[in-house]
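These are my notes from a session spent looking through one structure. I began with the aromatic side chains and then turned to the chain as a whole.

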Amino acid sequence: MRGPSLRTLSLASAAALAAAYALVFLSAPLDADQGLIQKIFYVHVPLAIVALGGFVAGALAAWQYLRTGDRAWDLRSYVFIHLSLIFSVGVLVTGSIWARGSWGHWWVWSEPTLVSLLIIFLLYCTYQPLRFAIEDPERQARYAAVFAIVAGAFVPLNFLAVRLAQPLTHPRVLSATGGNMPGSMRLAFLAALVAVALVYVTLWRLEIASKQAAIEIRRLRRRLEAALAEPGDRPSEREHELVEVA
């Protein structure tokens, strides 16, 4: 795979995280109303943006798979969605902690931003059970791609619906005023967003490399088994080509 090596990405991610959260705790001011608990904003919001972006990227990769038939795009789509699900858990956990510290409740059902993210998370929780309920690898990849595209289209539509919702007690960061953040807070937020995005890309590359290695090991094992088998018992070439993601 082209691009920076995993070692380079890992070092860049570590440096970006260190720089970002140095800005968060040493430069960004304390919120006048919430105090120290507001610092979780610099984890919660970047995680949410990156996770939702990953779901959309998974849909685009799935579209590429349906267009080209290249199983590499199916693998990329799977990993995008898998990592975004993990990041979404972090979003829900940090959001609950922030809600408890700010509003006195672990969850506020009248808050559309929180509820919409939960809906997206639960929607994508059905992706893997759907995928691995299908044994045939080609059908599995096709059905998973269709799901990823439909669910991915729902993400921006849901975002727009939430932006129009009233009332909205959750802070709006991606707005014309940037949530009225002063310059130091805005800088810390953007640094944290870049750092979390780098971590996501690093983990994505790591999981892709791991799964590609596992696929190659299975392919070599099948070839060895075929070489040792009796001529009449050898698997077909078609069976050799069909590989699974997980």
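I searched the whole structure of this predicted model for aromatic pairs and found eleven of them. One that I looked up in detail is the pair of F80 and W204, which is stacked, with 4.9 Å from centre to centre and 25 degrees between the planes. Because F80 lies in helix α3 (residues 71–103) and W204 in helix α7 (residues 183–228), this pair ties together parts that are 124 residues apart in sequence.

I then checked whether these two partners are buried or exposed. F80 has 17% relative accessibility and therefore counts as buried, the cut-off being under 20%, and W204 is buried as well, with a relative accessible area of 11%.

Staying with the rings, I noted that F55, Y78, Y124, Y127, F132 and F147 form one aromatic cluster. I also looked at W73, where the charged end of R76 sits over the ring at 4.5 Å from its centre.

Next I turned to the surface, where F25, L26, L30 and L36 make a nonpolar patch of about 510 Å². Of these, I followed up L26, which is found in helix α1 (residues 6–26) and counts as exposed because its relative accessibility is 76%, with the cut-off at over 50%.

For the chain as a whole, I recorded eight helices and zero strands, and 39% of the 246 residues count as buried. The protein chain exposes about 13300 Å², of which carbon and sulfur atoms supply 66%. Among contacts with a separation of 6 or more, I noted that residues 24 or more positions apart account for 74%.

Methods: Residues are numbered from 1 along each chain as its sequence is written. This is a predicted model: local features need pLDDT of at least 70, side-chain atom pairs count only at pLDDT 80 or more; totals for chains, interfaces and linings use all residues. Side-chain values use heavy atoms; hydrogens and water are left out. Patches are made of residues with over 30% relative accessible area and no salt bridge: like charges are joined within 9 Å, nonpolar side chains (Val, Leu, Ile, Met, Phe, Trp, Tyr) within 5 Å. Accessible areas come from the Shrake-Rupley method with a 1.4 Å probe; for residues, only the protein chains shown count as cover. A salt bridge is a side-chain nitrogen of Lys or Arg within 4 Å of a carboxyl oxygen of Asp or Glu. Helices (H or I, at least four residues) and strands (E, at least two) are DSSP runs, numbered from the N terminus. Buried means under 20% relative accessible area, exposed over 50%, partly exposed in between (1.4 Å probe, protein chains only). Contact means heavy atoms within 4.5 Å. Rings of Phe, Tyr and Trp (its six-membered ring) pair if their centres lie within 6.5 Å; planes under 30 degrees apart count as stacked, over 60 as edge-to-face and the rest as tilted. A charge sits over a ring if NZ of Lys or CZ of Arg is within 6 Å of the ring centre and within 35 degrees of the ring normal.
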